[in-house]
Amino acid sequence: MSGVWEPELNGTDAKLVRKVARGKKITVTFNINNSIPPTFDYEEEPSQGQKVEEPELTSTPHFVVEVIKNDGKKALVLDCHYLEDEVGQEESTSEFECKDTNYTLKTDSLDWALYNHLMDFLADRGVDNTFAGKLVELSTAPEHQAYITFLEDLKSFVKSQ
């Protein structure tokens, strides 16, 4: 992600900024909280002696892509998520002020041709499947570190009187 994107990490909040032209930029924001999808099946319990395969724990955060023009006067804001992670995460936040009077809709009710054009629009600006894969790598390391810090703090809290 280095080079074209300028990363910022503030606790569990992260932001990537890419300046594309004078007065235009792309901002991707995400939060690593609750970004590890569930890894076990509640219905199947391993039988005694059966080897349980541990899944790879990777962070797949919801992320908001903002394509901003005219120094912030106009923006297209897209709330994105990974397909296997459609449940259980908080809404993403945007730096662009989205008012209740702004029109929003879910892609379920969006015409597929328009959806494909929006995906191409994002890909032309560097937000594509390759970007999404790198975002998983980028978010997994700080998520794991935050989890380790949480466990250490929890241990300290429980041990203290």
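**Figure 1. The charged end of R125 over the ring of F121.** In this predicted model, the charged end of R125 is placed over the aromatic ring of F121. The distance from that charged end to the centre of the ring is 3.7 Å.

**Figure 2. The tilted aromatic pair of F63 and F131.** A search of the whole structure yields five aromatic pairs. One of the aromatic pairs is formed by F63 and F131, whose ring centres lie 6.4 Å apart and whose planes meet at 55°. This pair counts as tilted, because the tilted class covers plane angles that are neither under 30 degrees nor over 60. The two partners come from distant parts of the chain: F63 belongs to strand β4, which covers residues 63-69, and F131 belongs to helix α2, which covers residues 129-159. In sequence, F63 and F131 are 68 residues apart. Both F63 and F131 are buried.

**Figure 3. An aromatic cluster of four residues, W5, F63, Y82 and F131.** The residues F63 and F131 shown in the preceding view also belong to a cluster, which they form with W5 and Y82.

**Figure 4. A nonpolar surface patch that includes Y147 and L154.** The patch consists of Y147, F150, L151, L154, F157 and V158. Together these residues present about 640 Å² of accessible area. Y147 is located in helix α2, and L154 is likewise found in helix α2. Why does L154 count as partly exposed? The relative accessible area of L154 is 39%, and partly exposed residues are those between the limits of 20% for buried and 50% for exposed. Y147 is also partly exposed, because its relative accessibility is 45%.

**Figure 5. Y147 and N33, separated in sequence by 114 residues.** The C-alpha atoms of Y147 and N33 lie 9.5 Å apart in space. Y147 is the residue of helix α2 that also takes part in the nonpolar patch of the preceding view.

**Figure 6. The loop residue N34, with a positive phi value.** N34 lies in the loop that connects β3 (24-31) and β4. Phi of N34 is near 55°, which is a positive value in a residue other than glycine. Is N34 buried or partly exposed? With a relative accessibility of 48%, N34 counts as partly exposed.

**Figure 7. A21 of strand β2 and K69, 9.1 Å apart between C-alpha atoms.** A21 is part of strand β2, which comprises residues 13-21. Along the chain, A21 and K69 are 48 residues apart. A21 is partly exposed, as its relative accessible area is 40%.

**Figure 8. The whole protein chain, with two helices and five strands.** From the N terminus on, the elements follow the order β-β-β-β-β-α-α. The protein chain has 161 residues, of which 24% count as buried. Among the contacts with a separation of 6 or more, 57% are made by residues 24 or more positions apart. The accessible surface of the protein chain is about 12300 Å². Carbon and sulfur atoms account for 51% of that surface.

Definitions and conventions. Residues numbered from 1 in each chain as written. Predicted model: local features only at pLDDT ≥ 70, side-chain atom pairs only at ≥ 80, totals over all residues. Heavy atoms only, no water. Phe/Tyr/Trp six-rings, centres within 6.5 Å; stacked < 30°, edge-to-face > 60°. Helix = DSSP H or I, 4+ residues; strand = E, 2+ residues; numbered from the N terminus. Buried < 20%, exposed > 50% of the residue type's maximum accessible area, 1.4 Å probe, protein only. Lys NZ or Arg CZ within 6 Å of the ring centre and 35° of its normal. Contact = heavy atoms within 4.5 Å. Areas by Shrake-Rupley, 256 points an atom, 1.4 Å probe, with all protein chains shown as cover. Patch = residues over 30% accessible without salt bridge, like charges linked within 9 Å, V, L, I, M, F, W, Y side chains within 5 Å. Salt bridge = Lys/Arg side-chain N within 4 Å of Asp/Glu carboxyl O.
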